[in-house]
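I opened this entry to look up one acidic side chain and the sheet around it. My notes follow in the order in which I checked things.

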Amino acid sequence: MSVRELVVLGTASQVPTRHRNHNGYVLLWDGEGLLFDPGEGTQRQMVRAGVAAHDLNRICVTHFHGDHSLGLAGVIQRINLDQVPHPVTAHYPASGRRFFERLRYATAYRETVELAQEPVSGKGRVLAETPSYTLEARRLSHPVESYGYRVVEPDGRRMLPALLAEHGITGPDVGRLQKDGVLGGVTLEDVSEPRRGQRFAFVMDTRLCDGVYALAEGCDMLVIESTFTDEDAALAADHGHLTAGQAARVAAESGVRHLVLTHFSQRYADPEVFERQARAAGFDGELTVARDLTRVPVPKRER
């Protein structure tokens, strides 16, 4: 299996700090790169993190508040400056098309790359299907139209060595059986078991809503905003955000394996408070309180 990991470019919410850049996340998935919510400074953070414009295949914007989208201008121009050799597709709320166009053409530059636009509207939908993943979007609850994204690997089969040996299938014949589904009267089902595909979700600015749970359900990795601590729950609801405890309860109730908390308000200097509140809320899986320029591997498949 190719590399599957999250590269954290920035973790601040509305206001960046000395230690937190504005939002920005790249999911590397089997040779493709999905850039989520490029805030100010994303292009420079990509350089610092070792992510090239050539690594990007999709740009996914949850909504058009500045901390989630002001980096679009620089990223799009860098994609064209570096003459990325493949098309790049941008997904964003359809109601924000005018903002996307303004950012795309904020200054003069030479367009060299095909940049397709596939906006999202309604309650969300399947946006793309590739051999490696399906990309879905779901509507969230925020003062402006906002969507979360979900990457789902197709289900497959896990080969069982004991059964392969029992049927005398070895070496190249294993690959032939996987490709054709049957070999010498032995079917793929005879020597394998179902293997659920991996699942990743990206949930930014939102209150608790059905969309949050639909995105998080059964995820191997959930990247989710926890702008406020639990003491400021009323403030979070008023501004359309989650607390650390709320995000953790979503993860616990949805069977998430690895929870990544991010998008922190400038009012909190100590990141450990988010971990404490997430654990207190009942989440006992892998937990990462995101820091700028870190890489977080997607958990390996469960056996």
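**Glutamate 225 and its sheet**

I looked up the side chain of glutamate 225 and found a polar contact with the side chain of histidine 241 at 3.0 Å, a polar contact being a pair of N or O atoms within 3.5 Å, one able to donate a hydrogen and the other to accept it, where residues adjacent in sequence count only if both atoms are side-chain atoms. The side chain of glutamate 225 also reaches the backbone nitrogen of leucine 242, at 3.2 Å.

I note that this is a predicted model, in which local features need pLDDT of at least 70 and side-chain atom pairs count only at pLDDT 80 or more, while totals for chains, interfaces and linings use all residues. Residues are numbered from 1 along each chain as its sequence is written, and side-chain values use heavy atoms, with hydrogens and water left out.

I then checked burial and charge: glutamate 225 is buried (under 20% relative accessible area, 1.4 Å probe, protein chains only), yet it has no salt bridge (a side-chain nitrogen of Lys or Arg within 4 Å of a carboxyl oxygen of Asp or Glu). The nearest side chain of opposite charge, arginine 207, is 9.2 Å away.

I placed glutamate 225 in strand S15, residues 221-225, strands being DSSP runs of E with at least two residues, numbered from the N terminus. S15 runs parallel to strand S14 (residues 199-203), joined by 4 bridges, and strands pair if DSSP finds at least two bridges between them. Alanine 201 has leucine 222 in S15 as its bridge partner.

Key:
Buried < 20%, exposed > 50% of the residue type's maximum accessible area, 1.4 Å probe, protein only. Lys, Arg positive; Asp, Glu negative; His and termini not counted.
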